[in-house]
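This briefing describes the fold of one protein chain and then turns to selected elements. The sequence and structure are shown first.

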Amino acid sequence: MRHATARGSLRYGAAMTRALAAVFDLDGTLVDNMTFHGDSWVALARRLGSAATREDFELRWAGKTAREIFPALLGREVPEAEAAALEQEKESAYRAAYAPHLSALSGLHAFLDRLNAAGVKLAIASAAPVRSEERRVGK
C-alpha cells in the first residue's frame with residue numbers, strides 16, 4: 001500500500017520513492033463543502049417535484065457530474081439546454097450558500113506548500129464545474 005508523506009515521498013513498507021505528482025479531488029477533499037452541495041441538490045429536487053433525498057446525493061450521486069445526475073433525478077432524458085439551465089440554478093444556489101464558508105481544510109496550505117517545496121507537481125481532478133473562488137483555496 002502506498003502512503004503519501006508531507007515530504008513528497010511515497011512509502012512502500014520500508015522503501016521510500018519520491019513522488020512526482022499529486023492529484024486531489026476538490027469537493028470534500030480540499031474544501032469541506034459537501035453539506036452545501038447536498039443541500040442545493042435536495043432543494044433543486046424538491047423544486048422539481050422529485051423525492052430525492054440527501055442519502056441519494058451522498059450514496060448515489062456524489063462525485064458525478066450534474067449531467068449524469070439529472071436523468072436519475074428526473075427519471076427521464078434531459079435535453080442539453082434544460083440540463084445547462086438546471087446545472088446553473090443548482091450551482092448558483094450552492095455558491096451563494098457556501099461563499100461565506102469558503103476555506104481550505106485545516107492544514108491544507110502547509111501540506112501543499114511542503115509538496116510544492118519538494119518539487120511535487122500538483123493538480124486537481126474534479127467532476128465539478130470550474131469555480132474560480134474555489135481554485136483560489138489551493139493557492
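The buried residues of helix α3 are covered by elements that include α1 (34–47), α2 (54–61) and α4 (80–98). The model is predicted. The points below proceed from the chain as a whole to α3, then to a residue of α2, and finally to a pair of strands.

**Overall architecture**

- The secondary structure of the protein chain comprises 6 helices and 5 strands.
- Along the sequence, these elements follow the pattern β-β-β-β-α-α-α-α-α-β-α.
- The protein chain has 139 residues, of which 32% count as buried.
- Among contacts in the protein chain with a separation of 6 or more, 65% are between residues 24 or more positions apart.
- The protein chain has an accessible surface of about 8400 Å², and carbon and sulfur atoms contribute 55% of that surface.

**Helix α3 and its buried side**

- Helix α3 spans residues 66–74, and Ala-66, Ile-69, Phe-70 and Leu-73 are buried in it.
- These four residues lie on the same side of α3, because they cover an arc of only 110° around the axis.
- The general background is that an α-helix has 3.6 residues a turn, so residues three or four places apart point the same way.
- The cover over the buried residues of α3 includes helices from both sides of it in the sequence, among them α2 (54–61) and α4 (80–98).
- Gly-75 follows α3 and has a positive phi, near 70°.

**Asp-56 in helix α2**

- Asp-56 is found in helix α2.
- With a relative accessible area of 17%, Asp-56 is buried, because the cut-off for that class is under 20%.
- A polar atom of the Asp-56 side chain lies 2.8 Å from the backbone nitrogen of Thr-53.
- Leaving aside residues up to four places away in sequence, Asp-56 touches Ala-51 and Trp-61.

**Strands β4 and β5**

- Strand β4 covers residues 21–24, and its two faces differ in cover: Ala-22 and Phe-24 form the covered face, whereas Ala-21 and Val-23 form the uncovered one.
- Strand β5 (residues 121–124) runs parallel to β4, and 4 bridges join the two.
- Phe-24, on the covered face of β4, stands opposite Ile-124 in β5.

Methods. Residues are numbered from 1 along each chain as its sequence is written. This is a predicted model: local features need pLDDT of at least 70, side-chain atom pairs count only at pLDDT 80 or more; totals for chains, interfaces and linings use all residues. Side-chain values use heavy atoms; hydrogens and water are left out. Buried means under 20% relative accessible area, exposed over 50%, partly exposed in between (1.4 Å probe, protein chains only). Two strands pair if DSSP finds at least two bridges between them. The arc is that of the directions from the helix axis to the C-beta atoms. Contact means heavy atoms within 4.5 Å. Accessible areas come from the Shrake-Rupley method with a 1.4 Å probe; for residues, only the protein chains shown count as cover. A polar contact is a pair of N or O atoms within 3.5 Å; within protein, one must be able to donate a hydrogen and the other to accept it, and residues adjacent in sequence count only if both atoms are side-chain atoms.
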